[in-house]
Amino acid sequence: MITVHHLNNSRSQRVLWLLEELGVPYEVRRYERSKSLAAPPELKRVHPLGKSPVITEGDLTLAETGAIVSYIAETHGGGRFQPEPDSADWWRMQHFLHHAEGSAMPPLLMKLVFARIPSQAPFVVRPLAKALMKGVDTHFLAPRLADLLDYWDASLAGTGWFAGPQPTLADVMMSFPLEAAGTRVGFGQRRHLPAFVERIHARPAFRAALERGGPYAYA
Ligand SMILES: N[C@@H](CCC(=O)N[C@@H](CS)C(=O)NCC(=O)O)C(=O)O
């Protein structure tokens, strides 16, 4: 049986959600973030990087959400949550599987980290730190994030899903960047992004995953 090593308020919500969608039995081992949001050291006993999600099943220990959702779909999914192999939608799904962590999350994480810097800087340099971070935000992050949000909004415009007419692993992977963007950046006038987040949160499998994993700040 799959064990999900689940950190509160984290990317591993996606893994629980997929397992619920596919009706795959699993166990959850919960870990709590510290005040600084770090994962607890016990996670390093599961995988050397100490991040979540990690799954274990038999001899296998697997980290990285993209690899985990592919493993679950391939070994337990029976073709569900994936378009026809090698179709254009299948390749679109592959694109978003990589895009979610490779291109979408880095600027969102930078936004989170930079926003925290001024309050953690020594009192006397706080105004300087604030001005510096504002500059980075305005000139570097904001235009890049706007491009990303526009791209995601346009990608959802056709069917409401990222890779074809049905939900796929692409939607599972993109759920976290969209939820994070909604909180950290805001969607502005883009209407497909909030509709997507509402749609996935209303799915019975997403609600069931919340019950198994515990409260999730983005839901
Ligand atoms: N690209 C990795 C990122 C893993 C990751 O950074 N997970 C976060 C939770 S969202 C974590 O464990 N943070 C705690 C820490 O860095 O101490 C994935 O998708 O699995």
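In this predicted model, the largest pocket sits between two domains, because domain 1 (2–82 + 206–213) and domain 2 (88–203) both give residues to its lining. The volume of this pocket comes to about 790 Å³. Its lining counts 30 residues, and those closest to the pocket centre are Leu7, Arg11, Arg33, Lys51 and Leu109.

As for where the lining comes from, helix 4 (88–120) and helix 6 (169–184) each put in at least two residues. Helix 4 is the top contributor here, with six residues. In chemical terms the lining of the largest pocket is a mix: 15 residues are nonpolar, eight are polar and seven are charged.

Then there is the ligand. It has 13 residues around it, and the ones that come nearest are Ala39, Lys51, Ser52, Glu64 and Thr65. Lys51 thus turns up twice, once among the residues closest to the centre of the largest pocket and once among those nearest the ligand.

Three side chains can be picked out for their polar atoms. Lys51 places a polar side-chain atom 2.6 Å from an oxygen atom of the ligand. On the nitrogen side, a polar side-chain atom of Glu64 lies 2.9 Å from a ligand nitrogen atom, while an N or O atom in the side chain of Glu101 is 3.0 Å from a nitrogen atom of the ligand. As for how much of the ligand is covered, the ligand taken alone exposes 510 Å², and the protein buries 82% of that.

Conventions: Residues numbered from 1 in each chain as written. Predicted model: local features only at pLDDT ≥ 70, side-chain atom pairs only at ≥ 80, totals over all residues. Heavy atoms only, no water. 1 Å grid on protein atoms, 1.4 Å probe; cavity = no way out; pocket = protein on both sides within 12 Å on 5 of 7 lines; lining within 4 Å. Points joined across faces, edges and corners; volume = space filled by probe spheres on them. Helix = DSSP H or I, 4+ residues; strand = E, 2+ residues; numbered from the N terminus. Nonpolar A, V, L, I, M, F, W, Y, C, P; charged D, E, K, R; others polar. Domains from an automatic or database assignment. Near = heavy atom within 4 Å. Polar contact = N/O pair within 3.5 Å; in protein donor to acceptor, adjacent residues only side chain to side chain. Areas by Shrake-Rupley, 256 points an atom, 1.4 Å probe, with all protein chains shown as cover.
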